[in-house]
Amino acid sequence: MGKRAAIVGFGQTHQRSSRKDVNGVELINEAVQAALAGADMGIEDIDAIVIGNMDHFEGINYVDMWSAEGTGAVMRPVMKVTTGGTTGTTVAMCAYYHVASGMFDKVLAIGWEKNSESDTTGAIITAFHPVWERPSLGGAIAGLAIEASKYMHDYGATERDGARVAVRERLHALNNPFAHLRQEWMKGIPIAQLVDMIVGSEQNQVLAYPLRMSDMCPRTDGAAAAIFASEDFAEKLAPVPAWVAATTNAHNFVYAGDVNMDRNTTLAEASKKIFKKAGIKEPLKEIDVCELYLPYSYAGLKWMEDIGFCKYGEGPKLLWDGVTDMDGELPVNPSGGVMSSNPIGATALIRVGEAATQIMGKGSARQVQRPVQYALAHGFGGCYWADMMLLSRKKPD
Amino acid sequence: MDKIAIVGVGQTKYERHKIDTFEEMVFEAATKALADAGGEIGDIDNVVTVSNDFWDGRTISSMAVQAAAGSWGKDISTVEGDGTFGALYGLMRILSGSFDTTLVVSHIKGSEGVMNLITNAMFDPIYQRGLGIDATSAAALQARVYMQATGYTEEDFAAVSVKNHGNAKNNPYAQLPKSITVADVMASRKIADPLKLYDCSPISDGAAAVILANQKGIKRFKKAPVWIRGVAHCADSYNLGYRDLARSRALKKAAAKAYQMAGITDPLRELDVAELYDAYSYMELMWMEGLGLAPEGKAAEMVRSGATAMGGKLPVNPSGGVLSSHPVLVAGMARLIEATLQVRGEAGGRQVKGARTALAQGINGPCGQAHCVFIVGS
Amino acid sequence: MADWRDAVTNMVYEGRIKVPYLWSVGETGSRFLEALRDRQEIWGTRCPQCRKVFVYPVKHCGECFVPIGEWVRVGHSGTLESFTIARYAHSMQPVAPPLAYGLIRLDGADGSLLHLIGDADLGKLKVGMRMKAVFAPERKGAITDIRYFTPAG
């Protein structure tokens, strides 16, 4: 049987649109040093390293090899995993399995992105089949726009509902010193008014209907690192370790055209699996906080339904009732989420790290003000792939 | 470590310019592994695919093969690195207690891209790439450092090529079975001095799969298990000029750990066969030394004496090795598959008589920066 | 009955991935490249722990895993630790083959620098030879501001 594992440390760089003062390896090293310092550990305490990113986003082949001097991988075991946007959670899961296997006690999980350096859309298009899909593909934004359109059509959701999600993410980001987009001007303005302003603004350019600039995530440079430790070390390393209660994923689709646009079925599948594994029967009640990979606003409506937090079509109600705000029953993205910072290779790992931060009680201004027993982290990418990791305050049985 | 076994293996033929798509190759390898194991896709609890975006010309290269790897409804992940690392991850996922069986499948189509440009992209974009360095020219630099440190000659390297191409004649999957002599190697076209054509591995396409299972999982299958007795991985530094290119200290470290797990104290005596990653001829000698199969500076002598030939004290690369087929990423998994077939007694014409314990090695990164070592046994 | 495969001509699509990049050199690397460009000087950094001097300079030592703050200027001359002559062509090469590469340990550095070898009788290259950096007449802040290393008499 395997070992139980917990996150005992998490570090991230301050996410910016462009970090010209450092190259990629140096950026990664900053996150690694931050994670180690936060856990009061040195690199000599680390038994193995896992790293991930998408090669064509930085134009580096074999990034685990290239970054060895910066990650601490010199004369250590290192492995690269990569699965598109889900890479960060894939990295977290890989680090978890390294520890749970009993082969390594303390494992460093690293995700990073120097988005400023690449043509992300150009690179994303190469994720699709060169013969069947690439010639006609519009990149990530267009794909998400199709989903948003269908959701609005099927359930009567409106632009205001989308904007309300954006407002939540932006307000939450104001509590997160690491977040990229911090719209300070929003402070103190009532939510309904903020929604009006966003929907009514002519500067708020339409990118692909119904998606406007305000509905989308930014392009960010940033790196993050999480330290996973086995049950033999976790309690010594952190006063409140964030235990991995369960982790699951579903990466069903291969071609963009295969994706089910009615419902996010892979997310639903991964969610059902994880709740079953962890014995969660009423997700809305039992989960205390979520860090979800919402790359755009309407996901904050629809995907809440697919996860099972509410019935189909009730996403907007959950939102407008304030359930997902910081003082609501289920705060979503206290960090500001992907819409506030998107260093893609790190983004999903940051969801895991932020969820861990909530359990560890280290969230400072963005700390949820209630006991956090369960924190759910989610990663999204590829053809609607879903990775889930449920962290708990209580050590799993 | 809990007992984990390899219960199924599958490989496509390795060759250039395969018509099959990535999905078709992966499906072939996966279904062959299932048939070999005597099981079905429903017996697989989770999947690990192995691929590389640059080699495939696809971001999220794993996406192309999800369905072909039978991952629908299953947990799945992707390692970007040699197949041995993928197999190791598949192993960890079982040891965690979450799954009883894992299918690991790797693929490559080396002929679809330009190897020199793809490997040039491994090098640092600021300091190295613009010089046009690639895997082969870097290997040539390493080969010369190695010659300087050991006194080995080009003929010593050639002997490895002769042995391995000759061995490939017994391997139906191999791309380049050949009867050649040292003189043939020495006369072959210069590629990057001191490396000549026959010192280099070919460009290959192919896929390979292994099925791993714990003691509960093996009951779903019919094939006799081959146990993983030890496994470890380790990386050296990236900056070529600041690595001792003549000594693979990362391999030494990984080997020591793998041997310790397997309870092996005298590898030369206790191993029956070894499958090593000879991407270039000189590498086989270097890895032998790193693995402690030969003292430093003595590997060439072992090859010359026939100790690593079929029928020798420790046959190395009965399959023909990577010099005979180099499907990048797949090649390490192929070494593991060959080691497994040896222990099963199913290696046909390339069988080492009575093989009970085998070693398989994979490498990753420029000049073998990282290594993964498996010890398997009956 | 004939198999449909016999009647199909297998197609091959030719393509190219064109994804542009802007790689940040970082402060440390920028200082190094500026010195090459503006003053034809070669600088390295020294690890406070192991005392190794790195050329090209690095911001932290990968072995000791500590930040590096000390800059050390090294000379233009060094020793050839390895070389090769690439005899095949591809589009990233700055000059047509035969193209010689070397690992040159500059005097004062504790490891070698990968670079090109030029203006040399390629047949007479030997490990241990003394080499000297030759700078390009027009420099732009790139590693190729050193045009190549040549055998120093």
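Where in chain C is C:P98 found? In this predicted model, C:P98 is found in the loop between strand 6 and strand 7 of chain C, and the legends below begin with that chain.

**View 1. Cis peptide bonds in two loops of chain C.** C:P97 and C:P98 are joined by a cis peptide bond with omega of about 0°, and C:P98 belongs to the loop between strand 6 and strand 7. A cis peptide bond also joins C:V55 and C:Y56, where omega is about 5°, and C:Y56 lies in the loop between strand 2 (53-54) and strand 3 (60-61) of chain C. Most peptide bonds are trans.

**View 2. The overall form of chain C, with one helix and ten strands.** From the N terminus on, the helix of chain C is followed by the ten strands. The C-alpha trace of chain C spans about 75 × 40 × 30 Å along its principal axes, and the radius of gyration of chain C is 21 Å, whereas a compact globule of 153 residues would have a value near 15 Å. Buried residues make up 39% of the chain, and among the contacts in chain C with a separation of 6 or more, 48% are between residues 24 or more positions apart.

**View 3. The surroundings of C:G128, in the loop between strand 8 and strand 9 (130-135) of chain C.** C:G128 counts as exposed because it has 8 C-beta neighbours inside 10 Å. Not counting residues up to four places away in sequence, C:G128 touches C:T79 and C:L80. The C-alpha atom of C:G128 is separated by 8.2 Å from that of C:S82, although the two residues are 46 apart along the chain.

**View 4. The contact of chain C with chain B, formed by 35 residues of chain C and 31 residues of chain B.** On the side of chain C that touches chain B, strand 6 (77-86), strand 7 (99-106) and strand 8 (113-117) each supply at least two residues, and strand 6 gives the most, with six residues. By class, this side of chain C divides into 20 nonpolar, twelve polar and three charged residues.

**View 5. The contact of chain B with chain A, to which chain B gives 48 residues and chain A gives 47 residues.** Helix 2 (53-56), strand 3 (75-79), helix 3 (83-95), strand 8 (226-235) and helix 8 (249-262) of chain B each supply at least two residues of the side that touches chain A. That side of chain B has 23 nonpolar, 16 polar and nine charged residues.

**View 6. The crossing of helix 5 (residues 87-100) and helix 15 (residues 344-360) of chain A.** The axes of these helices come within 5 Å and cross at roughly 55°, and the two helices are therefore oblique to each other. Among the residues that make the contact are A:T87, A:G88 and A:V91 of helix 5 and A:G345, A:L349 and A:R351 of helix 15. By class, the contact has seven nonpolar, five polar and one charged residues.

**View 7. Helix 8 (residues 159-173) of chain A, with 15 residues.** The helix reaches 21 Å from its first C-alpha to its last, close to the 21 Å expected at 1.5 Å a residue. Since 13 of its 15 residues are buried, helix 8 of chain A is largely enclosed by the rest of the structure.

**View 8. Positive phi values at A:Y62 and A:N333.** A:Y62, in the loop between helix 2 (55-58) and helix 3 (63-66) of chain A, has phi near 60° and counts as buried, with 24 C-beta neighbours inside 10 Å. A:N333 has a positive phi of about 55° although it is not a glycine; it lies in the loop between helix 14 (315-320) and helix 15 of chain A and is buried, with 27 other C-beta atoms within 10 Å. Most residues other than glycine have a negative phi.

Conventions
Residues numbered from 1 in each chain as written. Chains lettered and ligands numbered in written order. Predicted model: local features only at pLDDT ≥ 70, side-chain atom pairs only at ≥ 80, totals over all residues. Helix = DSSP H or I, 4+ residues; strand = E, 2+ residues; numbered from the N terminus. Expected span 1.5 Å × (residues − 1). Buried ≥ 20, exposed ≤ 12 C-beta atoms within 10 Å, placed from the backbone. Contact = placed C-beta atoms within 7 Å. Nonpolar A, V, L, I, M, F, W, Y, C, P; charged D, E, K, R; others polar. Axes fitted to C-alpha atoms, helices over the stretch in contact; angles between N-to-C directions. Parallel < 35°, antiparallel > 145°, perpendicular 65-115°, else oblique. Rg over C-alpha atoms; globule rule 2.2 N^0.38 Å.
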